[in-house]
Amino acid sequence: MAELQWRGKTRDQPERESREEALARLCTSEILPALSLPTPESAWHNRLIRGERQDVLTALLPEFAGQINLIYIDPPFMTGRDFKQGTHLAYSDKWQGDLDAYLQWLATTLHLLYQLLADDGSLYVHLDWRVTHYTRVMLDEIFRSSERGQGGFQNEIIWHYQSGGRGSQRYARKHDTILFYTKSAHYCFHGERIGEKRGTHKRNHMRKQENEHGQITWSINSHGRTYTYSSESRMTPSDVWSDISHLHQRDPERNGYATQKPAALIERLLLASSEPQQLVLDCFCGSGVTPVVAEQLGRRWIAADQGELAIATTRARLLALPQYSPFISQTCVAAPGR
Ligand SMILES: C[S@@+](CC[C@H](N)C(=O)[O-])C[C@H]1O[C@@H](n2cnc3c(N)ncnc32)[C@H](O)[C@@H]1O
């Protein structure tokens, strides 16, 4: 089995804390809406946590190991840039050019996320040309035990967009990659919720038939069987997505946070890979797109980010929703020895 090596690679994992120790590091500063204290009937509150990802994920482990149904992360891509909002630094993605340091940082994150993921859960990792290839090998190693039960790698989704310029030295880089991994073969996936209708226009080698009521079906023979589909049925989408636009400068959805992703992209992932009331985690929530979409789709959520601006933007976005489920704002204190 191929394995990725880098200088200083270690599989050492942060020590597990007791539930009490971990809970003591999560300091609640606010419950929203005010006075919505947990009751025995509705003990769950969504969580918005300010903290560094290792501190947050280790603090969540005693309570949520094996409990998260869907994880989406859009971490720093190792762009070598600072991302600003006006003069305010949103976050730095510089790493002093040290790829080894970045890979160890990402590997530690992915190991922790693997432990939090439910046995039937899904992980989506959003990156681009800079580190996707390393990350895929890394994820294959982390999910190796899952592969035997046909979990592990499921898809490399290409999100193709048109924004940005085009240089003359090479083909224009116009896509991000979202790696999709599962812990087992038994995971939630609803291609029919997000697919296009098959429709009435010919698009491949399928045979078109129309009955006396004008209803159209499409059929194809394969391995001695005939498969027939109504024109109203939905096709599982392919792994290349060109129908979701990048957020343009003047897009009404934009809230000013650099690297904000479109809600339609996250909505597609959540609809396909989670059920209402299931638990969604994003530990690099940035402008808050994941918790907002989770809220709108009736999923429970935990969102975290180390940046003050990210937490303020996410909070404001949630409070601007016409309706939102109660959530608590927490600050995560560094784990001992960090
Ligand atoms: C690419 S942005 C996420 C954008 C987000 N998906 C959105 O649509 O707005 C990456 C985020 O990771 C956060 N971040 C970077 N390093 C972090 C760390 N070590 N722990 C927690 N958050 C971190 C940054 O503050 C930034 O908000």
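So, secondary structure to start with: this protein has 9 helices and 15 strands, and please keep in mind that we are looking at a predicted model.

On to overall dimensions. The C-alpha atoms fit in a box of roughly 70 × 55 × 45 Å along the principal axes. The radius of gyration comes out at 22 Å, which agrees with the value near 20 Å expected for a compact globule because the chain has 338 residues. Of those 338 residues, 33% are buried. And if you take contacts between residues at least 6 apart in sequence, 72% of them join residues at least 24 apart.

Now, the sheet, if you'd like to follow along on the structure. Which strands form it, and in what order? There are 10 of them, in an open sheet with mixed pairing, running β1-β15-β2-β14-β13-β3-β6-β8-β7-β12. At the edges you'll find β1, residues 26–32, and β12, residues 240–241, each of which pairs on one side only.

Let's zoom in on one pair. Strand β3, residues 68–73, runs parallel to β6, residues 117–127, with 5 bridges between the two. One residue to click on there is Ile73, whose bridge partner in β6 is Val125.

What about helices on this sheet? Helix α3, residues 99–116, lies across β3, β6 and β13 (279–282), and makes an angle of about 150 degrees with β6. Then we have helix α9, residues 308–319, which also packs on the sheet. Helix α9 touches β1, β2 (46–50), β14 (300–305) and β15 (327–332), and its direction is at about 155 degrees to that of β2.

That's my tour, thanks for listening!

Terms used
Residues numbered from 1 in each chain as written. Predicted model: local features only at pLDDT ≥ 70, side-chain atom pairs only at ≥ 80, totals over all residues. Helix = DSSP H or I, 4+ residues; strand = E, 2+ residues; numbered from the N terminus. Rg over C-alpha atoms; globule rule 2.2 N^0.38 Å. Buried ≥ 20, exposed ≤ 12 C-beta atoms within 10 Å, placed from the backbone. Contact = placed C-beta atoms within 7 Å. Pairing = 2+ DSSP bridges. Axes fitted to C-alpha atoms, helices over the stretch in contact; angles between N-to-C directions.
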